[in-house]
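Here are a few exercises to work through with the model open in your viewer. Try each task before you read its solution.

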Amino acid sequence: MTLRLTAHTVSTDTDDGAVLLSRRTGHYWQLNQTGAYALRRLLDGCTVDQVAEEFAAHFDIARTQAHQDLTAMTERLHSSGLVETG
């Protein structure tokens, strides 16, 4: 399954990461650089497992922790209506 922004979500890169804005609700999310990088990789078609593997190697953290953090982020973005899978 591929992650994508919903039709009403706008993403803008910032110096500190990225901001996602829902044009439907007016709510926005701010992502730090790590979160923005993770989201870009997921939007490019990578799986959570693949990005977790990258993070585990790069940040010297447990792969399971990276996977949990990425899953939590994507679930929150999904429940906020900013991303969808397809």
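**Exercise 1: an arginine with two partners**

R63 has a relative accessible area of 34%, so it counts as partly exposed. Keep in mind that this is a predicted model.

Task: Find which residues form salt bridges with R63, and work out which helices get linked.

Solution:
- Step 1. Start with D49: its salt bridge with R63 has the closest N and O atoms 3.2 Å apart. This pair links distant parts of the chain, with R63 in helix α3 and D49 in helix α2, 14 residues apart.
- Step 2. Now look at E53, which also forms a salt bridge with R63, the closest N and O atoms being 3.1 Å apart. Since R63 lies in helix α3 and E53 in helix α2, the pair ties together parts that are ten residues apart in sequence.
- Step 3. Put the two together: salt bridges that share partners join D49, E53 and R63 into one network.
- Step 4. Check the accessibility of the acids. The cut-offs are under 20% for buried and over 50% for exposed. D49 is at 39%, so it is partly exposed, and E53 is partly exposed too, with 44%.

**Exercise 2: how α1 meets α2**

Task: Describe how the axes of helix α1 and helix α2 cross, and pick out a salt bridge between R41 and a residue of α2.

Solution:
- Step 1. Take the geometry. The axes of α1 (residues 33-43) and α2 (residues 48-59) come within 9 Å and cross at roughly 145°. The crossing is right-handed.
- Step 2. List who touches whom: T34, Y37, A38, R41 and L42 on the α1 side meet V48, V51, E54, F55 and F59 on the α2 side. Sorted by class, that contact has seven nonpolar, one polar and two charged residues.
- Step 3. Look at R41 and E54, whose side chains meet in a salt bridge (2.5 Å, N to O). R41 is in helix α1 and E54 in helix α2, 13 residues apart, and the pair links distant parts of the chain.
- Step 4. Ask about accessibility again. R41 comes out at 23%, so it is partly exposed; E54, at 25%, is partly exposed as well.
- Step 5. For the full tally, the structure holds five salt bridges.

**Exercise 3: the sheet and its edges**

Task: Work out the strand order of the open sheet and where α1 packs.

Solution:
- Step 1. The sheet has three strands in the order β2-β3-β4, with antiparallel pairing.
- Step 2. β2 (9-14) and β4 (28-32) are the edge strands; each has a single partner strand, so one side of each is left without a neighbour in the sheet.
- Step 3. On average, neighbouring strands here are turned by 15° against each other, direction ignored.
- Step 4. Zoom in on β3 (residues 17-22), which pairs with β4 in the antiparallel sense over five bridges. One bridge to find: G17 has N32 in β4 as its partner.
- Step 5. Now add α1, which packs on the sheet and touches β2, β3 and β4. The direction of α1 makes about 105° with that of β4.

**Exercise 4: two residues to place**

Task: Is D60 buried or exposed, and which residues does R4 contact beyond its sequence neighbours?

Solution:
- Step 1. D60 is in the loop between α2 and α3 (63-79). D60 is exposed because its relative accessibility is 70%.
- Step 2. R4 lies in strand β1 (residues 3-5). With neighbours within four places in sequence left aside, R4 contacts L43, L82, V83, E84, T85 and G86.
- Step 3. R4 has a relative accessible area of 41%, so it is partly exposed.

Notes:
Residues numbered from 1 in each chain as written. Predicted model: local features only at pLDDT ≥ 70, side-chain atom pairs only at ≥ 80, totals over all residues. Heavy atoms only, no water. Axes fitted to C-alpha atoms, helices over the stretch in contact; angles between N-to-C directions. Helix = DSSP H or I, 4+ residues; strand = E, 2+ residues; numbered from the N terminus. Left-handed = near helix turned anticlockwise from the far one by under 90°. Contact = heavy atoms within 4.5 Å. Nonpolar A, V, L, I, M, F, W, Y, C, P; charged D, E, K, R; others polar. Buried < 20%, exposed > 50% of the residue type's maximum accessible area, 1.4 Å probe, protein only. Pairing = 2+ DSSP bridges. Salt bridge = Lys/Arg side-chain N within 4 Å of Asp/Glu carboxyl O.
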